[in-house]
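Visitor: I have a model open in front of me and would like to learn how to read its ligand sites and its backbone. Could you walk me through it?

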Amino acid sequence: MAARWFHRSCSICEASCGLRVLADREERRVLRIEGNPDDPISQGHICPKATAMQGVFEDPDRLKKPIRKTASGDWEEVSWDEAFDYAATRIEALQEQYGNDTLGVYIGNPSGFDVGCLLYNRFILESLRTPRMFSAATMDHFPKLFTSRVLFGKGSILPIPDLDRCDYFLCLGGNPIVSQGSIMSAPGVRKKLEAISERGGRFVVVDPRRSESAKVADEHLFIRPGSDAYFLFALTNVIFEDGLVRLGRFEAFTDGIDKLRELATEFTPESTAAATGIGAETTRRIAVELAAHANACVYGRIGTCTVEFGTLASWLVDVVNILLGRYDEPGGMMFPRPATGQHEPGNPMPPIAIGPYKTAARGLPTIDGHLPSSAFAEELDVAAAGERRMRALVITCGNPVLSMPAGDRISRGLEGLEFMVAIDIYLNETTRHADLILPTAPQLEHENFDFLCQSTAIRNHVRYSEQVFEPEPGEKRSWEVYLELAARLNGADPQTFDEMSLIQNATRFAGKLGLDVDHVIAQLDPTPGPMRLVELQLRCGPYGDQFGMNPDGLNLEKLKAARGAIDLGPLESRFPDILRTEGRRIALTDPMITCDIPRLLASRPSYENPDGLRLIGRRQARGMNSWLHNLPNLAKGRMRCTLLVHPKDADRHGLASGDRARVRSRVGQLEVDVEVSDEMMPGVVSLPHGFGHGSPGTRLGVAVEKQPGVNANVLTDDLPLDVPSGTSIANGIPVEIEAA
Ligand SMILES: Nc1nc2c(c(=O)[nH]1)N[C@H]1C(S)=C(S)[C@@H](COP(=O)(O)OP(=O)(O)OC[C@H]3O[C@@H](n4cnc5c(=O)[nH]c(N)nc54)[C@H](O)[C@@H]3O)O[C@H]1N2
Ligand SMILES: Nc1nc2c(c(=O)[nH]1)N[C@H]1C(S)=C(S)[C@@H](COP(=O)(O)OP(=O)(O)OC[C@H]3O[C@@H](n4cnc5c(=O)[nH]c(N)nc54)[C@H](O)[C@@H]3O)O[C@H]1N2
Ligand code: SF4
Ligand SMILES: [Mo]
């Protein structure tokens, strides 16, 4: 058969661009990958990382069969049957001996881009029977989930900038030009940002580095890392003092405004200027500009989350938008309507569960089921966690050695485990410590559905991804691995397990519409796997055909026939109907958040000290966290893992571009090449994360040769936390530098 075009999305980042892939199935060759010009959402946009879809598929280093570590430390291929048996037997034995929580689980970022992982991870989580659950979220957007959970009742009800209609975009701690947008799925984001100014609006970036986004903005303000909460509080203060509050519809269901006014009195533009580095006049002007623009939105990302006051900063983003009447209104921050029905009106959710499980070393509680990633290293460490330490671990789609705080301590800790399984496609810095690696088929070898970005997209849409190639003989898709491992742990048969879940889901979804469950199941494609669950949710969802009750509605057949996204229109107002709080009210000053204000006040002097250096991160256009450096196409070019230092700081420390610097934090040190750059705010240095690829025993030939770099997270202190949410602090780490 000749080659043909396949339509699917790029599942590397949140933009989820629509692609078309020219491939010869029989030859198992990709001939071309390009942006799908007919996709109504991404309109042909792609970035260099789209080639990773092919690169990963072809990478000779990618794992295809389960491998087990031998007594001599080598790897041997084993059958899936042996692999699942080995995993289940060891996990059960260790849990029997030490208790269920001796097993830890870590879920990494790529699992969010695979509908198989998303819809089947509950099988694994339930079967592993342990509360010791870690994920990349607490090194990422957890403060934002936390504030949405408190204010709106559900973590996934996230405010998304209505980028196409806003006339003022205040972006704090995000660099969408490089990240391609996060908690803001907006393929082709550069054009959308440029369009704001072109239509007479204003784009303002607040960032300790003159980032790629700052360079296309109308205005850039340097801010001292970690200090956004002071700046946002000062904006709040001006909004009250100048009488700019305009609650609009929210007045009817928002509580705590008077209390908020009182809380903001401590944070004037003058009293916060020394901490933020932003002059009082500028803060006042920004507040007035925000209020003067009819369609302003305030947006915060990584730089407002993984910082000392991540929860307060994320909350204050909510506060400012709400006070100015910019939530849930066209042109402001809006709330998507997923076609699979996650954000339809429903009963109130119980408050955030703090605990009951607590870590062994520090007694840190689970927060809505998540343990802080900063506790990961110490929970592996016998000196810190003692007898209750983790002795076994399941990691899926994650590389905590490079992505979590105190990476070198994690590496040592993993070495001490009695048993570790990694569900991963590479033998890398983390998985080399495993006893067993279970690979999953790469994206081109399975269908997909852009599930998560339905909650983050700037326009409502759905997109189906066609499978390009069959998995190779012996390869399994992620959902099959999850399901079969779970079944083995339960002594059950995977098919029965899967059918049970289908019936449960069908009962829930069909029940809401008053449909007969058997009738619904009979109409679904019987092929097992995540797509029949997607079909069920889609058809029962807000745009669905409701199994015949709404014949013009969506179903999987129509979605497949679209060969790209189906545009479901601009975001629309959804509040208060979708609130999942008690009485559908927003408690703006919930103590779960405001309890951290005294800490913010107490810390102010530490931000006012201009002498110390603080370290921040830096994402890169040709990488995705730690895992695309092994693709020749993306790894080529000069070494990217460099330390950016402002000329004044470089002078002070006797450093010039090309020199080696030693960087030291409370927990670690490393040596790295320096690049002197006035992009940096004085007093701030920047190092990208996700590098550090030279460890023995990995199988990442290209990464080690072309972009080895150093592991920035060796410097990330695992002790301090954003207290309410337990999120790690990856930005604003106090460091010292010297010539190496
Ligand atoms: N210092 C610092 N640290 C950070 C950050 C920062 O800004 N600064 N950012 C944080 C953020 S936002 C995130 S999301 C985390 C990411 O942290 P992680 O999710 O732990 O790390 P990744 O680098 O994304 O690693 C992804 C892993 O998944 C594997 N993988 C890729 N595709 C597949 C697949 O299809 N199937 C399977 N089974 N495995 C796959 C890769 O081989 C790799 O091992 O890092 C965090 N760490
Ligand atoms: N090419 C590429 N794209 C990616 C990724 C990648 O690794 N590479 N990773 C993906 C992932 S997992 C995520 S979560 C998203 C993240 O998406 P973004 O948050 O948009 O990406 P970052 O580049 O981390 O942007 C953070 C910005 O915050 C700034 N900053 C640091 N500290 C502070 C601070 O205290 N205050 C303020 N105001 N700013 C600060 C940094 O200088 C940086 O410019 O990107 C995703 N997209
Ligand atoms: S922007 Fe993201 S989704 Fe789009 S092609 Fe690049 S990596 Fe893929
Ligand atoms: Mo992330």
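Guide: Gladly. A residue counts as near a molecule if one of its heavy atoms lies within 4 Å of it. Please keep in mind that this is a predicted model. With that cut-off, 26 residues surround ligand 1, and those that come nearest are Tyr106, Asn109, Ser403, Asp424 and Ser626.

Visitor: Which polar contacts does ligand 1 make with Ser403, Asn428 and Thr440?

Guide: For a polar contact, look for a pair of N or O atoms within 3.5 Å. At Ser403, a polar backbone atom is 2.7 Å from a nitrogen atom of ligand 1. Asn428 uses its side chain, with an N or O atom 2.8 Å from an oxygen atom of the ligand. Thr440 also offers a polar side-chain atom, 3.0 Å from a nitrogen atom of ligand 1.

Visitor: How much of the area of ligand 1 does the protein bury?

Guide: Start from the ligand taken alone, then see what the protein hides. Ligand 1 exposes 920 Å² by itself, and 96% of that is buried by the protein.

Visitor: What kinds of residue make up the shell around ligand 1, and which domains do they come from?

Guide: Sorted by class, the shell around ligand 1 has twelve nonpolar, eleven polar and three charged residues. Domain 1 (67–141 + 354–438) and domain 3 (611–739) each supply at least three residues to that shell.

Visitor: Let's read ligand 2 by the same steps. Which residues come nearest to ligand 2?

Guide: There are 30 residues around ligand 2, and Asp207, Gly226, Asp228, Arg619 and Gly623 come nearest. For the polar contacts, begin with Ser179, where an N or O atom of the side chain is 2.8 Å from an oxygen atom of ligand 2. A polar backbone atom of Val206 is 3.0 Å from a nitrogen atom of the ligand. Lys49 has a polar side-chain atom 3.2 Å from a nitrogen atom of ligand 2. On its own, ligand 2 has 920 Å² of accessible area, of which the protein covers 96%.

Visitor: Which elements and domains contribute to the shell around ligand 2?

Guide: Two elements give two or more residues to this shell: α5 (176–179) and α12 (302–305). At the domain level, at least three residues come from each of domain 2 (143–335 + 578–594) and domain 3 (611–739). By class, the shell around ligand 2 divides into eleven nonpolar, 13 polar and six charged residues.

Visitor: And where does ligand 3 sit?

Guide: Ligand 3 sits in the largest cavity. The residues around ligand 3 include Cys10, Cys13, Cys17 and Cys47, as well as Lys49 and Gln180. Lys49 is thus worth finding on screen, as one of the residues around ligand 3 and a polar contact of ligand 2. The shell around ligand 3 holds eight nonpolar, two polar and one charged residues.

Visitor: Now the backbone. Where are the cis peptide bonds?

Guide: Omega is the angle to check. It is about 5° for the cis peptide bond that joins Gly355 and Pro356, and Pro356 lies in strand β15 (residues 354–358). Another cis peptide bond joins Phe575 and Pro576, with omega about 0°. Pro576 is in the loop between β23 (566–570) and β24 (586–587).

Visitor: What is the phi value of Asp328?

Guide: Phi of Asp328 is near 70°, a positive value in a residue other than glycine. You will find Asp328 in the loop between α13 (310–323) and β14 (333–334).

Notes: Residues numbered from 1 in each chain as written. Chains lettered and ligands numbered in written order. Predicted model: local features only at pLDDT ≥ 70, side-chain atom pairs only at ≥ 80, totals over all residues. Heavy atoms only, no water. 1 Å grid on protein atoms, 1.4 Å probe; cavity = no way out; pocket = protein on both sides within 12 Å on 5 of 7 lines; lining within 4 Å. Sits in = over half its atoms within 2 Å of the grid points. Nonpolar A, V, L, I, M, F, W, Y, C, P; charged D, E, K, R; others polar. Polar contact = N/O pair within 3.5 Å; in protein donor to acceptor, adjacent residues only side chain to side chain. Areas by Shrake-Rupley, 256 points an atom, 1.4 Å probe, with all protein chains shown as cover. Domains from an automatic or database assignment. Helix = DSSP H or I, 4+ residues; strand = E, 2+ residues; numbered from the N terminus.
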